[in-house]
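Thanks for asking me to look this over. My notes are below as numbered points, so you can follow them with the structure open beside you.

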Amino acid sequence: MSKPAYRVEYVAEAFSCEPEQDEIVSALAERDFRIFEVEQPRGAMVPYHTHDEEERLIVLEGRMQFNVEEELVLIEGGEMITIREGAIHAAAPVDDKPAKMLIAFGGEPEGWGKDGGEP
């Protein structure tokens, strides 16, 4: 069984905090994540790329469409997508509106399960 390319979760469940920026940043910092705040302008696209580690993208405002390994995934405020290391992905805001996100790398390892499936 091959590894899944991504996971979608609600921030409140994943990090046991309210989906407010200050609380999310605090929860991520406690888990040793490197955190970046990004404002994605309307109409802008993040081109296809990969990373050598898991990437968590948390939508704070707006909506983002991700293309992960050729599968389209819509993420809205209060939701996050975890993209496994090596997965090819791209993203763009939808509804012709900007989006605001937190991007987190590192932190406590969650892994993707011993058999390649979700944990």
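1. Is F105 buried or exposed? Its relative accessible area is 10%, so F105 is buried, the cut-off being under 20%. Please keep in mind that this is a predicted model.

2. F105 has an aromatic partner, F36, and the two rings meet edge-to-face, with 6.3 Å centre to centre and 70 degrees between the planes. F36 belongs to strand β2 and F105 to strand β9 (residues 99–106), so this pair links parts that are 69 residues apart in sequence. F36 is partly exposed, at 42% relative accessibility, whereas F105 is buried.

3. How many aromatic pairs does the structure hold? There are 2. Besides the pair just described, F15 and F33 have ring centres 6.0 Å apart and planes at 90 degrees; because angles over 60 degrees count as edge-to-face, this pair falls in that class. F15 sits in helix α1 (residues 11–15) and F33 in strand β2 (residues 33–40), so the pair ties together parts that are 18 residues apart in sequence. Both rings belong to buried residues: F15 has 2% relative accessibility, and F33 has a relative accessible area of 9%.

4. Strand β2 also holds Q40, a residue you may like to click on. Q40 is buried, with a relative accessible area of 8%. Leaving aside residues up to four places away in sequence, Q40 touches M45, V46, M64, P93, P98 and A99. One of these neighbours, M64, turns up again in the next point.

5. Now to the nonpolar interior. In soluble globular proteins, nonpolar side chains tend to be buried together. Here the largest nonpolar core has 17 residues, and those with the most contacts inside it are Y6, L57, M64, F66, V68, I81 and I83. Which strands each supply at least two residues of this core? They are β4 (55–61), β5 (63–68), β6 (71–76), β7 (79–83) and β9. Strand β9 gives the most, with 4 residues.

6. L57 is a good place to look within that core. Not counting residues up to four places away in sequence, L57 touches F66, E79, M80, I81, I83, M101, L102 and I103. Among these contacts, F66, I81 and I83 are also listed with the most contacts inside the largest core.

7. Finally, a second, separate core has 12 residues, among them A27, I58, L60 and M80. M80 is also one of the residues that L57 touches, so to speak a handy spot for viewing both cores.

Notes:
Residues are numbered from 1 along each chain as its sequence is written. This is a predicted model: local features need pLDDT of at least 70, side-chain atom pairs count only at pLDDT 80 or more; totals for chains, interfaces and linings use all residues. Side-chain values use heavy atoms; hydrogens and water are left out. Rings of Phe, Tyr and Trp (its six-membered ring) pair if their centres lie within 6.5 Å; planes under 30 degrees apart count as stacked, over 60 as edge-to-face and the rest as tilted. Buried means under 20% relative accessible area, exposed over 50%, partly exposed in between (1.4 Å probe, protein chains only). Contact means heavy atoms within 4.5 Å. A nonpolar core is a set of buried Ala, Val, Leu, Ile, Met, Phe, Trp, Tyr and Cys residues joined through side-chain atoms within 4.5 Å.
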